[in-house]
Amino acid sequence: MATALFDDIIFGPVRSRRLGLSLGVNLLPLDGKLCSFNCIYCECGWTAGDGAKPRFNSREDVRRLLGEKLREMTAAGMPPDVITFAGNGEPTMHPEFEQIIDDAIALRDGICPAAKVSVLSNATMVGREGVRRALLRVDNNILKLDSAFDETVRLIDNPQGSYTVAGTVANMKLFEGRLIIQTMFLRGECGGQRVDNTTEREVGAWLELVREIGPQKVMIYTIDRDTPCPTLEKVAVEDLRRIAARVEALGIGCSVAG
Ligand code: SF4
């Protein structure tokens, strides 16, 4: 199976390994990925480098379609456990991200109040106040941190603009613990370079940042589907559990999806 794009604004619901019955919301283009990262493991494939003008889905379309789907699922007795902002790229890049989050929270409160609202983000936009305000209002503010080292982030996540781990961590600390850190662990080779963020040097430095940031929780996972770089390896679930135990030793809960 190849990497694949989401071809709708609202997708699923899918049974998520991490979140339960999850209804997806895609703010990004339906015909291509738009992201400030270009992760070697991205399930949507490589980020297009054609400089095309971004085509975000409109706030009105998102509100209308999300409302319709939530009403339909609730009427069928199967409301989602979670409304998840993810999709074909980085949701916080949408210029009306904050307003869209407010719309989603209002719809959730009115139709299926037990559902959580989650955002899966690569944290590149959390320097923007509006993005931080929105992320502070959602139930699960899930931010990516794949390594404590800039050179490893360059190898694994390929940031498209200026990115430093130190700057990202400083912004994460502004949430004062109201965030979940999400980390992809993988090994292998990509573009002739060895990639492994599970070495003791990597895990030790990453744990130190986790301790500094003090999130509510950490989610660690490994490759589950096809990746644009085909020479990557899944990390054994036992290895992930050993890393999780070290997070838990810091007094922070850690879920594992192997
Ligand atoms: S941050 Fe997410 S959407 Fe963007 S390239 Fe990485 S995995 Fe894909």
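## A histidine in a loop

Where does H94 lie? In this predicted model, H94 sits in the loop that runs between strand 3 (82–86) and helix 2 (97–111). Despite that loop address, H94 is buried, because its relative accessible area is 5% and the cut-off for buried is under 20%.

The side chain of H94 has polar partners on the backbone. It reaches the backbone oxygen of N57 at 2.6 Å, and a polar atom of the H94 side chain lies 2.9 Å from the backbone nitrogen of E96. Setting aside neighbours within four places in sequence, H94 is in contact with L27, F56, N57 and I100. So N57 turns up twice, because it is in that contact list and its backbone oxygen is the atom that the H94 side chain reaches; the burial of H94 itself rests on that 5%.

## Around the ligand

Which residues are around the ligand? They are K33, C35, F37, N38, C39, Y41, C42, G89, N122 and K144. By class, that shell divides into 5 nonpolar, 3 polar and 2 charged residues.

## Helix 1 and what covers it

Helix 1 takes in residues 59–75. Its 17 residues should span 24 Å at 1.5 Å a residue, and the end C-alpha atoms are 24 Å apart, so the expected and actual spans agree. Just after helix 1 comes G77, with a positive phi of about 75°.

Buried in helix 1 are V62, L66, G67, K69, L70 and M73. Note that a lysine, K69, is on that list. The cover over these buried residues includes strand 1, strand 2 (20–26), strand 3 and helix 2.

## Helix 5, one side in

Helix 5 (residues 165–173) has V165, T168, V169 and M172 as its buried residues. They cover an arc of only 100° around the axis, which means they sit on the same side of helix 5. The spacing fits a general rule: an α-helix has 3.6 residues a turn, so residues three or four places apart point the same way.

What do the buried residues of helix 5 pack against? Their partners are strand 5 (140–144), helix 4 (150–156) and helix 6.

## Helix 7, a similar look

Now for helix 7, residues 237–248. With 12 residues at 1.5 Å each step, helix 7 should span 16 Å, and its end C-alpha atoms are 16 Å apart, so this one agrees with expectation too. Its buried residues are D239, L240, I243, A244 and V247. They cover an arc of only 140° around the axis, and therefore lie on the same side of helix 7.

Flip to the other side of helix 7 and you find R241 and R242, which are exposed. The buried residues pack against strand 7 (187–190), helix 6 (200–213), strand 9 (217–221) and strand 11 (253–257).

## T222 in its loop

T222 has its place in the loop between strand 9 and strand 10 (232–233). Is T222 buried or exposed? Its relative accessibility is 0%, so T222 counts as buried. A polar atom of its side chain lies 2.8 Å from the backbone oxygen of F185.

T222 and A236 make a handy pair to check in the viewer: they are 14 residues apart in sequence, and their C-alpha atoms are 8.4 Å apart in space. For a contrasting pair, try G110 and E200, 90 residues apart in sequence and 48 Å apart C-alpha to C-alpha. G110 is found in helix 2 and is exposed, with a relative accessible area of 62%.

## Backbone oddities

Most residues other than glycine have a negative phi, and most peptide bonds are trans. A few spots here go the other way. The peptide bond from G12 to P13 is cis, with omega near 10°, and P13 lies in strand 1 (residues 10–16).

A123 has a positive phi, near 75°, and E176 has one near 45°. A123 is found in the loop between strand 4 (116–121) and helix 3 (129–137), while E176 is in the loop between helix 5 and strand 6 (180–184). Their surroundings are not alike: A123 counts as buried at 2% relative accessibility, whereas E176 is exposed at 71%.

Note on methods:
Residues are numbered from 1 along each chain as its sequence is written. This is a predicted model: local features need pLDDT of at least 70, side-chain atom pairs count only at pLDDT 80 or more; totals for chains, interfaces and linings use all residues. Side-chain values use heavy atoms; hydrogens and water are left out. Helices (H or I, at least four residues) and strands (E, at least two) are DSSP runs, numbered from the N terminus. Buried means under 20% relative accessible area, exposed over 50%, partly exposed in between (1.4 Å probe, protein chains only). A polar contact is a pair of N or O atoms within 3.5 Å; within protein, one must be able to donate a hydrogen and the other to accept it, and residues adjacent in sequence count only if both atoms are side-chain atoms. Contact means heavy atoms within 4.5 Å. A residue is near a molecule or strand if one of its heavy atoms lies within 4 Å of it. Ala, Val, Leu, Ile, Met, Phe, Trp, Tyr, Cys and Pro count as nonpolar, Asp, Glu, Lys and Arg as charged, and the others, Gly among them, as polar. The expected span of a helix is 1.5 Å times one less than its number of residues. The arc is that of the directions from the helix axis to the C-beta atoms.
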